[in-house]
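Work through the exercises below with the sequence and the structure open beside you, and try each task before reading its solution.

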Amino acid sequence: MFGKDIYWYGVQAVSLLETGELHSPDRSPVFRIVAFLFSLLGVSEDNLFYFQLVTVVWLFFCLYLSRYFLKTPIDKWNFFPCAMVFVLGFLYPKQAWALGFLLISISLFLSKSISIPIVRWIGSVIFLFLATWFHTMVGVLGVGIWFLFQLPRKYDLIFFLSALILPYFVKTETNERLVVDTKTFPIIAAFGMVGIGVLWDWVRLVFGKNILLTYESMYKTVSFFGLLLVVPIFHFADIQFRILISVLLIGSLFTVSNRKEAFITLMSFVLWVYTLVQYPHLFRYPYETMWNPGEKAASMTDNGLLVAHHGFCEYYHFQFRKDCLSWEPDEKAIREMPSHTKIYRLVYGIRMENLRASKENGVGIFSMIEPLGDYQLVLEDDWNHYIHWLEKKDSKLLSIAKSWKNPYRKRPSFIQRKQNYGI
């Protein structure tokens, strides 16, 4: 399976089928699409993959329908796809469904082939609403592009310089979704996340000239939006990267059909496929190593809650129907545990030998260690003791023990809000 969130769609869909409610509140109807496929084909990994394929087909359909709306008598039909269709369809299906609606909304807003303005406006607003319903961020992105489109391009330099300065005046709240990270240069971070293909597509968007001249003004707006994304506006991995690949997809609406565009698109696919083949871990977790530790953790009779990294938790919950937390346990999680049970943790990235060798005053820190391949099953209380021990020693292992591999932060407030209010 490709996609670092794909099993979460399965978790949500199974919960809908079994209880009639989502496991975690979410306004998007995309999980109901997964549940519908499961109800027809059965609950399985294969059918999660089919959902991804359906998402790719949906995005292709919306891209070409939008290009049809934008086509004028002097334009050639552009048959060249965009790599973002596959990237979004497999990595971020929920976002992909919303972007399909946004592409149609933008094309209706600009279309020269629909002569009645009120029809274009109403259609554009309806599809923007649908995009927002499926994924709020995509709807906000659509409004942002429209707002930027209304501003004269002669002020772009002022806007860009203001964007460079603004992050240093914004208060950073590490417990919120919109975290300003001025230590990360976004385009370099994008390269580290998904390889050179995204750099090629970004350069093509910002500096490309092979576009439909009829819609040059909108393309310049989208291109400038792409340029703004070199500024560390949000926490990159969580928000800004998703905005970046969304903008790359939107920019592909306005490309023309010729040999130059064919070469650019072919090179894009070559670079993305090269990265996928050489560095598949960028696009997926090592799911094949998760079955045995998941089965062992699920079989522990006193396991009231498992703590593990994000990807493992989604896989574990889908395969074994047991709760797993990819955050440090908070009061809410502890309160919801069955009585007379314990919290276990699956340690990732630290060898069993290192855990066994950890001693304080000659006494081993861990009362139990279950070696499970790349993972080690321990008690959460022992793990907390181990973290304090590493901190006192200023150990090099602390950077692994307090990383995404081994959750150490409590659930941020935006997740708590979502669980309480669905937003």
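Helices, of at least four residues, and strands, of at least two, are DSSP runs numbered from the N terminus. The model used throughout these exercises is a predicted one.

**Exercise 1. Two exposed loop residues**

Find the loop in which His 340 is located, and decide whether His 340 is buried or exposed.

Solution. Begin with the elements on either side: His 340 belongs to the loop between helix H16 (331-335) and strand E3 (342-348). Next comes the accessibility, and since buried means under 20% relative accessible area and exposed means over 50%, His 340 counts as exposed because its relative accessibility is 78%. The last step concerns the backbone, where His 340 has a positive phi of about 60° although it is not a glycine. As background, most residues other than glycine have a negative phi.

Now carry out these steps for Asn 361, and state which two strands its loop lies between.

Solution. Asn 361 is placed in the loop between strand E4 (359-360) and strand E5 (363-364). With a relative accessibility of 77%, Asn 361 counts as exposed. Its phi is near 55°, which is a positive value in a residue other than glycine.

**Exercise 2. A helix pair**

Describe how helix H4 (residues 83-91) and helix H13 (residues 259-278) meet, and say which residues take part.

Solution. Consider the axes to begin with: those of H4 and H13 come within 9 Å, and they cross at roughly 35°. Then list the partners, which are Ala 83, Met 84, Phe 86 and Val 87 on the H4 side and Ser 268, Phe 269 and Trp 272 on the H13 side. Sorted by class, the residues of this contact are 6 nonpolar, 1 polar and no charged.

A further step is to ask how many of the residues of H4 are buried. The count is 8 of its 9 residues, and H4 is therefore described as mostly covered, given that buried means under 20% relative accessible area. These buried residues are Ala 83, Met 84, Val 85, Val 87, Leu 88, Gly 89, Phe 90 and Leu 91.

To finish, look at Trp 272, which is placed in helix H13. Trp 272 is buried, with a relative accessible area of 6%. Leaving out residues up to four places away in sequence, Trp 272 touches Ala 83, Met 84 and Val 87, and its further contacts include Val 194, Gly 197, Asp 201 and Phe 283.

**Exercise 3. One face of a helix**

Identify the buried residues of helix H9 (residues 186-194), and say where they fall when seen down the helix axis.

Solution. The buried residues of H9 are Pro 186, Ile 187, Ala 190 and Val 194. Seen down the axis of H9, these buried residues fall within an arc of 95°, so they line one face of the helix. A general rule helps here: an α-helix has 3.6 residues a turn, so residues three or four places apart point the same way. Just after H9 comes Gly 195, which takes a positive phi of about 90°.

**Exercise 4. A buried serine**

Work out which backbone oxygen the side chain of Ser 223 reaches, and whether Ser 223 is buried or exposed.

Solution. Ser 223 is found in helix H11 (residues 216-228). With a relative accessible area of 9%, Ser 223 is buried. Its side chain reaches the backbone oxygen of Leu 205 at 3.0 Å. If neighbours within four places in sequence are left aside, Ser 223 is in contact with Leu 205 and Val 206.

**Exercise 5. The nonpolar cores**

State how many residues the largest nonpolar core has, and which helix gives the largest share of them.

Solution. The largest nonpolar core has 110 residues, and those with the most contacts inside it are Met 84, Leu 88, Leu 249, Ile 250, Phe 254 and Leu 306. Helix H5 (residues 93-110) gives the largest share, with 12 residues. A second, separate core has 15 residues, among them Val 347, Ile 350, Ile 365 and Phe 366.

For a closer view, take Ile 250, which touches Leu 102, Leu 103, Ile 106, Leu 141, Ile 145 and Val 222, when residues up to four places away in sequence are not counted. In soluble globular proteins, nonpolar side chains tend to be buried together.

Technical notes: Residues numbered from 1 in each chain as written. Predicted model: local features only at pLDDT ≥ 70, side-chain atom pairs only at ≥ 80, totals over all residues. Heavy atoms only, no water. Axes fitted to C-alpha atoms, helices over the stretch in contact; angles between N-to-C directions. Contact = heavy atoms within 4.5 Å. Nonpolar A, V, L, I, M, F, W, Y, C, P; charged D, E, K, R; others polar. Buried < 20%, exposed > 50% of the residue type's maximum accessible area, 1.4 Å probe, protein only. Polar contact = N/O pair within 3.5 Å; in protein donor to acceptor, adjacent residues only side chain to side chain. Arc of directions from axis to C-beta. Core = buried A, V, L, I, M, F, W, Y, C linked by side-chain atoms within 4.5 Å.
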